[in-house]
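Let's take a walk through this structure together. Have the sequence and the 3D view side by side, and follow along one region at a time.

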Amino acid sequence: ELDDKLFVINAFLNIIWATGFLIFWRRRQAELAFKWNTLDMEQIEATRSAYTGELRRSSVTHQNEVYYPSWKRLLFRLFVTIPMIGINIVLVSFLILLIIRFQSWVDRQLKDGHLPHLMSLTELFPKILLALVTTIFSDVYKSVCRWLTIKENYREQQKHDDQMVGKLFACACVNSYFSVFYIALFTHKYIRLSHQLTTIFVIKQFWGNIKEAIIPYIVSNTRLSVLIQMSKKERARYAERKDLNKELKRILDEWRNSELDKAERQKDNNAYTTKAVDDILTDNTLNRRCSDITFESLSLSQAEIECSQPKWEDLYEDYLEMVIQFGYIIFLSTLFPLAAFFSLLNNIIEIRTDAFKLCMIYQRPFSQRVKDIGHWQKIMEYMVFAAIIINCIFCSTRGVVRRLVPDLPFAAEIFILVCMEHLLILLCKVIRSTIEYVPHWVRVEKSIMEHRRREALKKLECDALHLKENRSHNYDE
C-alpha cells in the first residue's frame, strides 16, 4: 500500500514538475530574447529558394511571383504523405512487436535451459537488436520526412520547419515509445521494462555518439589527411619547378651576356626568343609567381581546413532527441525512476559531444535570430497533457486504485480516474494562466523602451513642425 501511495504522489509531482519546467523555460526564454533583442521580432520571411511553382501576377505587389496552389499540396499530403508515414509506422511497429515476442521466446528458452546463457548476452541480444532497429529507423524516418516536406513545397521556411517537426515527432513517438508502452500496458512485466529502458538509454547514447561524432570525425580526418598529402605533393612539384626555373634563368642570363655586342641588331628577336623559352620551358605563369610562392603559403590554412569539413545540416535531430528524453521522464518515470538520471547523464554527455562536433568536425553554422524554439514548445505542452492521461492509465493497469480501495467497482474506478485526469488538466491550465510567461522586469523594460520611442517620435514631429514653420516664415519675409 505504501508503494501505491508513493506511485500516485510520484505521478502527481511529475506532472507538476513538467508544467513548472515549461513555464519557467518560457520565462527564461523571454529573458534571453529580451537581452538579445529578439523578443518582439516579427520575422518577415522571404520565399524559400527551393519553392517552385508557376508565375502569377500578385494582387499586392502587382509583380510576377511564384505561386503554388494549395489544393496540389493537399492532394499530395492526402495520397502520398499520410500513406507513406502510415506504412513506415506500421512497418516499424510490426518489427518492434516481432522483437518483443522474440525476447519473450528467449526468456522462456533460458528459463527452461534450452539456450546457453553466455554471461547474459543471450538475454540482452533482443534488447540490443531493438535499440539498433529503432536507431536505424530514426535515420530512415528523417530522410523520408525531409523528402516529403520538400515535395509539399511550402513557401515560408517557418511553415516548412513546422511540418518537418510534426512528421519527425510523429514517427519518433512510435519508434521510441511503442516497445515500452507495449511492455507496460499489455505484458505488465515491469522488470523487463526497466531492462528495456536501460538498454535503450545506453545503446542509443553509445550508438548516437558513434554516429554523430566518431564516424564523422574519422571521415573528416581521413579527408583532411588526403588533402594534406596532396598539398605536400603540390609543394614538392612547385619546389622542383622553382629549382628548374632558377637553372633556366641562369642559362638565359649567360646567353644574354654573350650576345650583348649583337643587342641592337637582334633586339626584337632576342626578346621573342626569351619569351618563347620562358613560356614553353619554364612555364612563365609559374615563373612570375615563384618569387611569391613559399612552402608555408602552399600548406593548408585554417580556413581551408574548415572549408573542407562537412556542413552542419540542421537542428531537427538535436531538438528531437531532447524532446524524446523529456517524454521518457514524464511518461515513464513513475515506472522507471532512473529515467531522469539517465536523461541527465545523456544530456551531460550530449553537451560535450555537440561542442566536439562544432569545434572539430563540422563547419560553424550561421546564427539565426529567433525569439523562441518554435513548434517544439507546443509539442512539449501537448506531451504534458498526454502524460496525465498515460499516468492515469498506469494507475488502472497496475491496480493502484483497487488496492487502495478494495471494494470499489470497476466502473467507479474508471470514473475516479477520469475525474482525476480532468482535475489535473484543469490544474495545469490554472498554473499556466496564473504565472506570466514574460517576467515582470522584462515587461517594465519593454514599457520604458516603448515610452522612450514615443517621446522620441513626438520630439521628431515637433522639430519637423518648427522647421516647417520657420521656413514658411522666412519665405513670407
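## Pockets, cavities and helices

Let's start with the second largest pocket, whose lining is made up of three nonpolar, one polar and 11 charged residues. Keep in mind as you look that this is a predicted model. The pocket takes up about 420 Å³. It has 15 lining residues, and those closest to its centre are K142, E212, E313, E317 and Y362. Which elements give two or more residues to this lining? They are α3 (121–152), α5 (190–258) and α9 (316–332). Of these, α3 gives the most, with four residues.

Since α3 has come up, let's stay with it for a moment. UniProt, in an unreviewed entry, lists residues 124–144 as one of several stretches under "transmembrane region". Over that stretch the chain is 100% helix and 0% strand, with its end C-alpha atoms 30 Å apart. One residue to pick out in helix α3 is T135. Is T135 buried or exposed? The cut-off for buried is under 20% relative accessible area, and T135 comes in at 6%, so it counts as buried. If you set aside the neighbours within four places in sequence, T135 is in contact with K204 and W207.

Now for the enclosed spaces. How many cavities of 30 Å³ or more turn up in a search of the whole structure? The search finds two. The largest cavity holds about 450 Å³ of space. It has 25 lining residues, and S138, K204, E317, E321 and I324 lie nearest its centre. You've met two of those names already: K204 is a contact of T135, and E317 is among the residues closest to the centre of the second largest pocket.

Several helices share the job of lining the largest cavity, with at least two residues each from α3, α4 (157–187), α5, α9 and α10 (338–361). The largest share is from α5, which supplies eight residues. As for the kinds of residue, this lining divides into nine nonpolar, nine polar and seven charged. Compare that with the pocket we began with, where the lining has three nonpolar, one polar and 11 charged residues.

The second largest cavity holds about 40 Å³ of space. Around it you'll find I99, I100, Q103, P126, K127, L130, I183, R192 and Q196. Here α2 (70–112), α3 and α5 each put in at least two lining residues. By class, the lining has five nonpolar, two polar and two charged residues.

Let's finish at helix α13, which covers residues 410–434. At 1.5 Å a residue, its 25 residues should span 36 Å, and the end C-alpha atoms are indeed 36 Å apart, so the two values agree. Which residues of α13 are buried? They are E413, L417, E421, L424, I425, C428 and R432. These buried residues pack against α1 (2–35), α11 (375–397) and α12 (400–404).

That brings us to the other end of the numbering. Residues 6–25 are also listed by UniProt under "transmembrane region", again in that unreviewed entry. Over these residues the chain is 100% helix and 0% strand, and the end C-alpha atoms sit 27 Å apart.

Conventions: Residues are numbered from 1 along each chain as its sequence is written. This is a predicted model: local features need pLDDT of at least 70, side-chain atom pairs count only at pLDDT 80 or more; totals for chains, interfaces and linings use all residues. Side-chain values use heavy atoms; hydrogens and water are left out. UniProt positions are given in the numbering used here, feature names are shortened, and annotations may be inferred rather than shown by experiment. On a 1 Å grid over the protein atoms alone, a cavity is a set of points where a 1.4 Å probe fits but cannot get out, and a pocket is an open set with protein on both sides within 12 Å along at least five of seven lines; lining residues have an atom within 4 Å of a point. Grid points are joined across faces, edges and corners, and a volume is the space filled by probe spheres set on the points. Ala, Val, Leu, Ile, Met, Phe, Trp, Tyr, Cys and Pro count as nonpolar, Asp, Glu, Lys and Arg as charged, and the others, Gly among them, as polar. The expected span of a helix is 1.5 Å times one less than its number of residues. Buried means under 20% relative accessible area, exposed over 50%, partly exposed in between (1.4 Å probe, protein chains only). Contact means heavy atoms within 4.5 Å.
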